[in-house]
Every structure is written in C-alpha cells, then in structure tokens.
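Visitor: I have a structure open and could use some help reading it. Can I ask short questions as I go?
Guide: Go ahead.

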Amino acid sequence: MQSVIGSLEINNILLRRWPIFFLLLLLCFFSITGTGFFSLENFQDIFLASTSVLLLGIGMTFVIISGGIDLSVGFTMGFSAVVMASITRDLTLQNVSPFISILLAILAALIIGIFIGLVNGYLVAFLKVPPFIATLGMYGIAHGAALIWSGGFPVGNLPDILASLGNRYLIYYLPQEWISFLSMPDNVPHSELRNVVRAIPLSALFVIGIMIFMMIVLSKTRFGKHTYAVGCSQSVARRSGINVKHHLLKIYCISSLFAALGGVYYTFRYGSGNAEAGAAHMLNSIAAVVIGGASLYGGTGNIMGTLIGALIIGTLQIGLVMLGVQPFYQYIAIGVVIVVGVVFDQLSQGKLSETD
Amino acid sequence: MTPIISTKKLTKKYGGLTAVNEIDLDIFSSEITAIVGGNGAGKSTFIEMISGSCIPTSGIILYKDKSLPLGDPLAIRHLGIETIYQDLSLAELLDVPDNIFLGREKFKRKLGLKVLDKKFMYTESKKMIDKLKIDIPFLDRPIRFLSGGQRQAVSISRAIYWNAEVIIMDEPTAALGIQEKQQVMDLIRDLKAKGVTTIIISHEMQDVFEIADRIVVIFHGQCVAVKEKNKTTIEEIANLIITGQGA
C-alpha cells in the first residue's frame, strides 16, 4: 500500500515539476550528442539567448496570472529599442557626452514602455476591452510606430561604449596567466584572445537581479498576492477591497516596462536598435510562462517557472542548431513542448479525470 | 431601540430594471434579521449595497447614524461590517490564510522591505478554524480542494476574525449537509450571544424561524413587511413572499 502511495507521490512530483526535469533531460541529451555543448561558454550563450524572452516573460507572468495576455510586448520591445538607439545617436552627434546620451535614451525608452502599458491597462481595466484585442491593437500600433520612427531600417552608428558595456563580463581569465575583472587587460596578444575565458556576463547579472526582485514582489508582497487574487476571480478581489482596475493598470504597465527593458537590453547587446527586435520573442515569452506552469485562465504561475520555460526554449534553440537540425524544426519543437506542458499541467491537477 | 443600520429610500436600477425600490429599513443591534423573498426579489442586491460591492442608484445607508461609504467594500469592512456572500467569495486557487486575510494582509519588515507575514497569518487562521471546530487538515492547500462545509467555515472565519459588529450572510446554509448546517446555525447563535448583529438571507423557512428575531420580506424590489418572528407564522411569510400581500 505504502509503495503505491509512494509511486503516486512521485508521479505527482514528476507531473508538477516536469519543466525542471525536462530542462535537465535536454541539457544531458545535448551534452551527449552535441559537440562542445557542455561548456561554460555555451551555457552562458544559452542564458544570454534566453534573457530577452525572460525579460518579456517576467512582465508576461504578472499579466497571465491576472488572467490576461499581452500581445504587444514584442513590438513594444522593438519600439523602445529604436527610440533608445536613435536618441543615443542623435544626442551623441550633438556632442552630448555618451553617458548622458545613453541615460536619457534609456529613460525615453522606458517612458515609451510605461505609456504603452497605461494605454493597454486603461483599455482592459476601464473600458473592458478583452486583453487579447486591446494588446493586439497595440501590437500593430507599436510595430507601425517603430517602423515610422526608424524609417524601416536598423538604427546604428551608436557610441562604442554601448555595445562594450552590453557585452562585458565580470571575469576575464587566461588559465595560468592572469585574471581580470570587468575588462580585459590592454596588452593581450591577438593569438591569445581565443583562449581567454569570459565568465558571468554583466547583462546576465542585471537580468538575474531584476528577476530576483520581481520574484520577491510576486511571492512576498501584497501586490503579488493581489495579482493572484485578481486572476482567481475579479469579483472576489473587488469584494475583498482590492482596486481591481488600478491593479490591472499597474500589471499592464509592468508588462510593457519589461518589454521596454528588453529593448534597452537589445540595444546594449547589439549596439543598434531594430523595430523587429522583439518580433520573435512575443510568442516565446508566452510559451515560457505557460511551460513554467502558469495557467492562461489566471491565478497560477511564478517567475521561477518562467525562467525554466525561457531556458528550455533557449536550450532547444541552441542545442538543435549545434546538432545541425534545420532551424525551422525549432518552431515545431517549441510548439510540442507547450502542448506537452499544458497536458502535464492538466494531469497534475487531476482535471483530465473530471467528468464533463 | 436605536437601529445600527438604517436605509433611507435605497434604490438600485440596472437600466430600465429596478432591482431595489426605495427601501426604508432599520436593522437593530444584536438581533438576527432575516431577509426573505422570491428569486430575483432584490435581496442580494440590497445586501450588496450595504456591503459596498454594489453602488446604489439613490438613497443612503446610515451606520451608527453616520453615512456609509457607498461602493467601498474595504472601508465598510474596516467599519465592522463583514459579508459572507452566497458564492462565499473565496479565491479558489489561494490557500486558507490568503483568503482570510485577502485585502487586509499582515506585514513584517525584512531587509527594509515590507513583506507578507505568512507565519502570522497561518497561525491566526489555524486558531480561527480550530475555534469553529471545523477540520481542515491542510490550511496551505488551495481552497478548491475543500468541501462545501470547510469553505463555509473559511468564509465565516474571515468575517469573524476581524471582530465584526455586523455580519451579513447570503444563504449561509445553502448546499450544506445536515451536520454542517447545524454547525453554521450554532455559530450564528454564538454570534448573537456575543452581541454581533446578523443579517441573513435565506430561502429555508425552517432555518429562518429557528434563528431570526425579525423577518423582512422583499417583493419585486420593495420591502412589503417587517415582522417580529414571534408575531407571525410561516404561512403568513410564505404568502407575503408569493403575493407581496399579507393574509
């Protein structure tokens, strides 16, 4: 009897924690089959490939827990990226110091994000427009605005310091020779550059710091608790004294703010702005949140789950490329993982055994 | 006797439909007042206006001779009026302490941050549930895993934890088993013994006549009778509910 209960418990844990087991399985599989997959450099690449999805996913986690969806995040990211890049470029050309230019440009990009969030939130919370429709409208508006702003071309010619900061590592290390922090020594010969170990990207530290802060907000604060309550039932939340309209407004602002942060992150990483910067990330960020255990009906989900979801997507993308699989198959693989994830979620909650 | 709650020409209209029509009613302190009426008579709308989850179209509500902040459920709860809704108004995916403290969470300072004091809320919830003698083995499981009686207990705990002076219950015994129903009835009597004013909405005439001091009949949104229990009969109340007129 005890062994039966034990095996049921194990099944339940496997079903509920499947994303982490699946991620470990993927890492083992690609480490065995892909040459050079199991390396510090590659793991850092996977994390960096996942960071844009993660940034968008953090905001999306709040929206999905509240029972909504935000389809505008991808082009909000692109719009913020072109705004940041063009302001940085223009101010630098006006002989404003790069530091001030970048700071003002970041501020402008984030304000764009908050403004888009306010519009989305107002439409959803006050005008009762379904989130799918409200943010689909903003999806088009942000895309068009970004293309108009940039003229349809990537915005380049930015100060070198931007990409230099965005691609900097905490530790540079040449085995048995030297170790340096934040930058490489000036006198490293070209022949040795390939052997320099770069550990812990600063951009990753930045994203991890933000992620931990938002984890605390979601799991330990009143705001987080109210987000779950609104997702469970807006009428229950309202009767409990929660100002549901203002709460939803804040949630959509958070989502767009994180999309704008994604744009800022992109500009630092690639040293340019692009209207299409986040086009591919919108669906992936929703996928990361869902794979991480959030329900599209609202009320469940967490940021750790979203992190694992984003890492699964990043691992699949890089692992399949390293195996020489045609990139088109990535879409199929991610699609299958989403469907499997939702089925596992249903199984773990016993929903499939309920009679209709 | 001075009333603790008075409504003056309280009205609620939804477009062309008048759900509650100029109700003048006094609710007296430490009494159990039952509000009865047919389906769609306006009972729930009437109490939702008192609880703040519905804003009246016109009229006022006085609580201890002062105007109630209409449409502000949290402010009304802070004043000491708690409501247990027919659907129990519980967040299904949150656990018992989260539900009891929803909207009025307790905090502690940690590294300068104001974070939820989950331990305190759990301990207090456990005390409340134990006091009601309802067995809920795992308070940290989502509400949706609890039985009807257990949910009712959580809902009642949420109301009485905050030392409410007035508790409004919408169909408190609906969908309960015999034993659970008796527990709820005993609890309502306990509340009266402690001086809590209770307003209940019920379709169960037996329950109403068992516990109520005063019976209010609402018919098509209007208050058609206020009867002391000892001076009326089930037949008279039933007739008022059906026809809106006394025998």
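Visitor: How many residues does each chain put into the contact between chain A and chain B?
Guide: This is a predicted model, and in it the contact takes 16 residues from chain A and 17 residues from chain B.

Visitor: Which helices of chain A each supply at least two residues of the side that touches chain B?
Guide: Helix H10 (222-232) and helix H11 (234-239) of chain A do. The largest share of that side comes from H10(A), with five residues.

Visitor: And what classes do the residues on that side of chain A fall into?
Guide: The side of chain A that touches chain B divides into five nonpolar, six polar and five charged residues.

Visitor: Changing topic. Into which domains is chain B divided?
Guide: Domain 1 covers 1-80 + 165-247, and domain 2 covers 92-163. Taken over C-alpha atoms, the centres of these two domains of chain B are separated by 27 Å.

Visitor: How many residues does each domain of chain B give to the contact?
Guide: Nine residues come from domain 1 of chain B and eight residues from domain 2 of chain B.

Visitor: Which elements give two or more residues to the domain 1 side?
Guide: On the side of domain 1 of chain B that touches domain 2 of chain B, they are helix H2 (73-78) and helix H6 (178-193) of chain B. H6(B) has the largest share of that side, three residues. By class, the side has six nonpolar, one polar and two charged residues.

Visitor: Back to chain A. What is its secondary structure?
Guide: Chain A has 15 helices and three strands.

Visitor: How are the strands ordered in the sheet?
Guide: The three strands form an open sheet in the order S2-S1-S3 (chain A), with antiparallel pairing. Strand S2 (178-181) and strand S3 (197-201) of chain A are the edge strands, so named because each pairs on one side only. From one strand to the next, the twist averages 15°.

Visitor: How many bridges join S1 and S3 of chain A?
Guide: Strand S1 (residues 169-174) of chain A pairs with S3(A) over four bridges. In one example, A:Tyr173 has A:Val197 in S3(A) as its bridge partner.

Visitor: Which helix packs on that sheet?
Guide: Helix H9 (residues 202-220) of chain A packs there, touching S1 and S3 of chain A. The direction of H9 makes about 20° with that of S3(A).

Visitor: Last one: what radius of gyration does chain A have?
Guide: Chain A has 22 Å, which agrees with the value near 21 Å that a compact globule of 356 residues would have. Of those 356 residues, 43% count as buried.

Note on methods
Residues are numbered from 1 along each chain as its sequence is written. Chains are lettered from A and ligands numbered from 1 in the order in which they are written. This is a predicted model: local features need pLDDT of at least 70, side-chain atom pairs count only at pLDDT 80 or more; totals for chains, interfaces and linings use all residues. Two residues are in contact if their C-beta atoms, placed from the backbone, lie within 7 Å. Ala, Val, Leu, Ile, Met, Phe, Trp, Tyr, Cys and Pro count as nonpolar, Asp, Glu, Lys and Arg as charged, and the others, Gly among them, as polar. Domain bounds come from an automatic or database domain assignment. The radius of gyration is taken over C-alpha atoms; the globule rule is 2.2 Å times the number of residues to the power 0.38. A residue is buried if 20 or more other C-beta atoms lie within 10 Å of its own, exposed if 12 or fewer, and partly exposed in between; C-beta atoms are placed from the backbone. Two strands pair if DSSP finds at least two bridges between them. Axes are lines fitted to C-alpha atoms, for helices over the stretch in contact, and angles run from 0 to 180 degrees between N-to-C directions.
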